[in-house]
Amino acid sequence: MQELEVRGKLRDWIAKHAKKPLTAEFGDETPVLELGILSSLDVVEFVLFIEDLRGGDVDADDIGPDAFTNINTLYSAFFARS
Amino acid sequence: MQPQSRSLRSGFLRSLERFPERPALQLANEILSYRQLFARASRLASTLSRHAAAAEPALTGVFAHRSVTAYAAVLAGLLRGHGYVPFNPNFPTDRTRSMLVRSDCRSVIVDAHGARQLAEVLAGAGNGLLLLLPEQDDVTALAAHWPQHRFLGARDLLDAGPPARAEIDPGGIAYLLFTSGSTGQPKGVMVAHRNVTHFVDAMVERYAVTEHDRFSQTFDLTFDLSAFDMFVAWERGACLCCPTQSQKLFPGRYIADCGITIWFSVPSTAVLMGRLHMLKPGKYPGLRYSLFCGEALPVEVMRTWGAAAPNSILENLYGPTELTIACTLYRWDPARSPGESEQGVVPIGEAYPGMRILVTDERQEEVAIGEVGELLMTGPQLTPGYYRDPGRTAAAFVTPPGHGEVYYRTGDRVRRPRPGQPLVYLGRVDNQIKIQGYRVELGEIEAILRQEAGVEVAVAIGWPVTASGADGIVGFLGTEAADTEAIRRRVISRLPPYMHPSEIRLVGEWPLNANGKIDRKALRATLSVDNRTQR
C-alpha cells in the first residue's frame, strides 16, 4: 500500500470515530489525542485497525502517546519502518 | 499536642509532619510534596472559611477533574472540618446540577474543567453559593453575571494557615457520593469519617504501605474507589500518581513511566490493556499489588495480568459505596483459585476485618450453607445511609429478623460459603429475571457465552421486555468477529430452552457508564432502537 493511501485511511478512520466534528484544518499534524478527538476505547479499535492495515501485530512498546500524536507520528511508528 | 480524634484528614496531616518533602501528588509534569499540597489546600480552606456564611451544611463541593486544584480542594474541605462532595465536569450538567442542589452544599471549589461548565450548572441552581476559582485571576465578569452568588478568584486567596486543629465528629460526613439509583434519581451516600478510617487502617496494614509506594489513580473522584488511592497513599506518606488524559489512554506506559507500585482499576481496564498487547509477560516488574474492583473479575484477566506483573500480588476487592469502598477481598492464587472460581469469575473472598456477612432469602432469613441468596453486610464500614432520604435508607439498611443490628442489602447474589471457602459473586439480584415464568440468572448465560465464544466479556440481556420480565435473551459478545450462529448452537446445547439466546450480537466497543463499567441500559437501548431481527 502506498504511503498516501495509508495516510488517507488513517485520516478516514479518525474522521469516522472523532468525538467532535473535524475542522477543515484537520491535517497530518493535527494532535488527535490532545484535542480529545479519540477516547480510550477508540484507541483499542484504532490499534486493531492499524494491525489490519499493516497486516500484523504492532509492538506494544510502540503504543504510547508519542506514536498517537498525529497522523505523521502514526505513519512513522507503524508503517514507515517494517 | 493534644491527640485528635481520627478523621479522614488525620493520615495526611501525620504524613505532612513525618515526610514534608516527599511527593504527595504527581500530575502531568508537576510533583507536589506534602508541604506544597498542604499549602495549596490550606489556602483554599482558609479563604472559604473567611467568606462562608455562618450556617452552612458541613460540606464543601469539588467541581474539578484530574487537576492539582481537585486534590487540594478535597483536602481543603477536610481541613475545614467538612466532608467533600465531588462533582464531575465530564458528567452531563443536568446531573451535576441535580447533585449540587440535593447536596445543599454552599461552598464549591472549581478548577478550569469545572469553570467551562459552570454557567450551565448554575442556571437553575438556586442562590447564595460561594464559588472559589483558584485558577482564575479575574472573576468580576462571573460575579456581574450571577449576582445571586459570590465568586472568589486567585487574587482573593488568603495565606496558608497552620494545620487544622478543630475536633471532628468521627460520625460526621467525610464524603458524600452520589450513586445512580434505579429510579433515575441519584442517591447521596453519606460516608462517615469512622467508616473510612477503619477501611484505610485495614488497607495500609494488609498492603504494608510505605512512603516509597506510588499509587495509581484510574478512578475519577465521583467513583468512591478513588478514595482508596488518595487516603491509603496519604496515610503512609506515599505518592498519588494521577494520570493525564493521554496517560489514561495508554495505561501500560503510565504504569512504567510513573513507577506505579500499587495498581487499582476496574477489570475492564485490564481487558482493554490485554487487547492493546500491553500485558506481555514480565512487563510490569515494579508492581507490588494489583487490585481490581467494581465489576465481576474474569479468571482470564488474572492469568494474563499475573504473567505481566510477576512480582505483584493480585487481589479482587468487592463492595458497594454504602459499605465504604470495599468490604470483601480475595487473594488470587494461580494454583488454587481457578478451582474456587465459578462461571469463570474470581471469588470475592472474605469480609474485611470487623465486617460480618449474612446470606439471606427474600424475607431476610439466612439461607443454608451452600445455598444462594442476597448478600447483607454490617460492621464498622456500614455507612449512615442516604443523605436526607429516610425512605430509601430504610429500604436498603434493614434489621433482619432475629438480629439486633442494621445490615446493608447489597442487591448482589452470592452462595453462602462453607467454612474456609471464599464468597462467590453470582450476579445482581436484579440480573435475575423471569423469562416465560422461569427464574433466570443472566450471569449463568453470560458464563456459557464467554466459554463458548472464547471471549473475556459477554452480556446477556432479557429481551423483549415484558411486564413480568422478558420473553427471551439476546447475547452480546465483546469481539469484532465470530461465527455467531455456531456459537449460538453450542450455547443452546448447554442451556434449557427458556435460557436460549434468540440472537447473538458482536460488540467491538462496549458502551461504558461514567464509572467505566459496562452500561447494560445502553445495550438494551440498542435493541429497542433496532427493529427486532428475526430468529
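Contact is taken here to mean heavy atoms within 4.5 Å. On this criterion, 23 residues of chain A are in contact with 16 residues of chain B in the structure, which is a predicted model.

The size of an interface is often given as the accessible area lost when the parts come together. Between chain A and chain B the buried area is about 1,800 Å², and carbon and sulfur atoms account for 63% of this area. Salt bridges across the interface of chain A and chain B number 3. One pair in a salt bridge is Asp59(A) and Lys280(B), whose side chains meet with an N to O distance of 3.8 Å. Polar contacts between chain A and chain B amount to 3 residue pairs, with both residues at pLDDT 80 or more. The side of chain A that touches chain B is made up of 12 nonpolar, 3 polar and 8 charged residues.

Side chains of opposite charge can pair when their charged atoms come close. Over all chains, the search of the whole structure yields 33 salt bridges. Among them is the pair of Arg6(B) and Glu235(B), with the closest N and O atoms 3.7 Å apart. This pair links distant parts of the chain, the two residues being 229 residues apart. Arg6(B) lies in the segment before helix H1 (10–18) of chain B, whereas Glu235(B) belongs to helix H8 (residues 225–235) of chain B.

Chain B also contains an open sheet of 3 strands, in the order S25-S28-S29 and with mixed pairing. Strands S25 (458–462) and S29 (501–506) of chain B each have a single partner strand and therefore stand at the edges, one side of each being left without a neighbour in the sheet. From one strand to the next the twist averages 20°. S25(B) and strand S28 (residues 473–477) of chain B run antiparallel and are joined by 5 bridges. In this pairing, Val459(B) stands opposite Phe476(B) of S28(B).

Two helices of chain B pack on the sheet. Helix H15 (residues 442–453) of chain B touches S25, S28 and S29 of chain B, and its direction makes about 140° with that of S25(B). Helix H17 (residues 520–529) of chain B likewise touches S25, S28 and S29 of chain B, with a direction at about 60° to that of S25(B).

Most residues other than glycine have a negative phi, and most peptide bonds are trans. Two sites in chain B depart from these tendencies. The peptide bond joining Trp463(B) and Pro464(B) is cis, with omega about -5°; Pro464(B) is found in the loop between S25 and strand S26 (465–466) of chain B. Arg66(B), a residue other than glycine, has a positive phi, near 50°. The loop that holds Arg66(B) is the one between strand S3 (59–63) and helix H3 (68–79) of chain B.

Terms used:
Residues numbered from 1 in each chain as written. Chains lettered and ligands numbered in written order. Predicted model: local features only at pLDDT ≥ 70, side-chain atom pairs only at ≥ 80, totals over all residues. Heavy atoms only, no water. Pairing = 2+ DSSP bridges. Helix = DSSP H or I, 4+ residues; strand = E, 2+ residues; numbered from the N terminus. Axes fitted to C-alpha atoms, helices over the stretch in contact; angles between N-to-C directions. Buried area = accessible area lost by both parts, 1.4 Å probe. Salt bridge = Lys/Arg side-chain N within 4 Å of Asp/Glu carboxyl O. Polar contact = N/O pair within 3.5 Å; in protein donor to acceptor, adjacent residues only side chain to side chain. Nonpolar A, V, L, I, M, F, W, Y, C, P; charged D, E, K, R; others polar.
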